[in-house]
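Hi,

Here's the structure I promised to pass on. Have a look at it first, and then read my notes underneath.

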Amino acid sequence: MRDDISRRDFVRAGATAGLGAALVPGFGCAPAPFGQGPAPQQASPLFTAPPLERVRMGFVGIGGMGSVHLANYLQLEGVEVKAVCDVDPSHAARAKQRVVQAGRPEPAVYDRGPRDFERMCDEQELDLVLTATPWEWHVPVCLAALRTGKHAATEVPAAVTLDECWQLVEAAERYRKHCVMLENCCYDRREMLMLNLVRQGIFGELLHGECSYQHDLRDVKFSTEGEGLWRRAHAMRRNGNLYPTHGLGPIAQCFDINRGNRFDHLVSMSGPSRGLQLWQQEHLAADDPRRSERYVLGDLNLSLIQTAQGQTIYLVHNTNDPRPYSRINAIQGTRGLMQGWPDRIYVEGRSAHEDDWEPLDAWFAQSEHPLWKSERVRTASGGHGGMDFLEDWRLITCLRGGLPTDWDVYDAAAWSCISELTERSVADRSRTMDVPDFTHGAWRTRPPLGIVEG
Ligand SMILES: NC(=O)c1ccc[n+]([C@@H]2O[C@H](COP(=O)([O-])OP(=O)(O)OC[C@H]3O[C@@H](n4cnc5c(N)ncnc54)[C@H](O)[C@@H]3O)[C@@H](O)[C@H]2O)c1
């Protein structure tokens with residue numbers, strides 16, 4: 001990996017001198033675009049693209065999550081679903097039917113195998129390609145979209161490997177298109193309250209964050225459909241944090257990662273691999289071929305990330321054992337802290353009882369994120385209690401308004417590369433891994449994400 005990072009750094013070093021010129025006007029000197037966000041002190045290399053009156057979309061991978069997105073985009077003004085693509089013809093046909101049932105023109109269907117998205121990208125005039133395929137297909141789909149002049153949006157994680165992260169960054173810069181990762185947890189109500197309180201300085205100076213993806217997915221992984229067809233395979237060859245972004249994304253936004261701060265280095269450790277093996281033995285018939293599978297993924301993976309500003313982030317992954325769901329979602333500052341599961345907060349001098357937690361209710365009442373005041377978001381039913389709708393709505397709003405998106409290709413790369421770095425650290429007795437700077441130094445001047453008004 002050192003060789004790989006060095007190679008990329010070498011390329012970067014050669015390119016940096018011309019970077020400003022190369023990125024203008026796409027990565028132009030825009031003022032802080034997000035409501036009350038702090039104004040940048042100097043040129044801010046945030047990527048913008050010309051506004052689109054309507055967004056012509058192609059969907060690749062319309063299984064569980066792709067169907068959620070499709071339903072959301074069919075509700076949004078200014079969106080046309082022009083093409084649907086899935087390796088499973090029945091999923092593609094179902095998606096086409098949903099578009100027609102919504103009263104829209106019939107989309108073109110691409111269902112001729114695992115690379116048919118390339119034909120879709122070559123043939124169709126689209127503005128945005130959205131992929132909700134298995135992880136290993138995210139980068140090939142995004143690259144096909146970018147290469148043919150389309151914006152790309154991918155489900156999480158954006159990439160499986162470090163090299164894939166660089167491929168996304170380099171393609172987005174080369175073709176001057178948005179390439180975003182759809183991290184819906186950045187739009188959940190508590191996470192957005194947290195960001196709002198951070199921006200108001202309620203917690204003082206931020207010191208530490210804690211986050212996780214802890215979700216009992218054993219039945220999903222052993223299902224004979226959906227994620228059961230592909231997700232378990234990763235547990236057979238990878239040992240690290242395979243799914244970091246749901247927990248890490250919102251914490252990264254609070255810490256201004258890639259916008260005045262960045263992930264500097266990490267260490268990672270995995271424990272025993274047990275949960276999938278127990279499930280195998282206790283739920284599968286003796287002659288089930290899945291009984292012979294061997295898993296290497298440690299049930300619990302624990303990582304510590306340090307930022308360039310010295311803050312610490314504790315990150316956990318566990319999808320193999322019985323437990324209630326949690327992303328932890330905690331932030332500690334010099335004046336107080338907040339965390340989820342269960343939701344609670346303590347702010348020195350403001351909380352009613354000294355050294356005692358209080359519920360978030362009063363804080364929601366006074367500091368709700370403006371986007372969560374929208375009736376349309378609060379009543380949205382399309383996936384995960386409104387956050388998925390808000391995520392899709394924001395992306396279309398940004399594309400139609402010619403605004404920088406709330407997260408960009410540098411965030412997609414910085415949040416996703418944690419997977420391979422943890423795998424490498426685990427494989428080498430928790431050796432320290434440097435996190436690459438995908439922004440080529442621009443993190444120092446890029447403005448923090450502000451608080452978007454509705
Ligand atoms: N953000 C969230 O809350 C959330 C929730 C669930 C899943 N996800 C992510 O969404 C993605 C998809 O997960 P899912 O649960 O929808 O899985 P799924 O298996 O239900 O859907 C994947 C779909 O992609 C299709 N597909 C596979 N390879 C393809 C290819 N080469 N070309 C075209 N189509 C292809 C499959 O036939 C299927 O329809 C994953 O990245 C997952 O991590 C995110």
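Below is what turned up in the two sheets.

Bear in mind that this is a predicted model: local features need pLDDT of at least 70 and side-chain atom pairs count only at pLDDT 80 or more, while totals for chains, interfaces and linings use all residues. Residues are numbered from 1 along each chain as its sequence is written, and side-chain values use heavy atoms, with hydrogens and water left out.

One sheet is open and has 6 strands in the order 3-2-1-4-5-6, with parallel pairing. (Strands are DSSP runs of E, at least two residues, and helices are runs of H or I, at least four, both numbered from the N terminus; two strands pair if DSSP finds at least two bridges between them.) Strand 3 (108-110) and strand 6 (179-181) are at the edges with a single partner strand each, so one side of each has no neighbour in the sheet. From one strand to the next, the twist averages 25° (angles run from 0 to 180 degrees between N-to-C directions, with axes fitted to C-alpha atoms, for helices over the stretch in contact).

Inside that sheet, strand 1 (residues 55-60) pairs with strand 2 (residues 79-85) over 6 bridges, and G58 has A83 as its bridge partner in strand 2. Helix 6 (residues 138-147) packs on the sheet, touching strands 1, 4, 5 and 6 (contact means heavy atoms within 4.5 Å), and its direction makes about 165° with that of strand 5.

The other open sheet has 8 strands, ordered 13-12-11-7-10-9-8-14, with mixed pairing. Strand 14 runs antiparallel to strand 8 (residues 263-270), joined by 2 bridges.

Cheers
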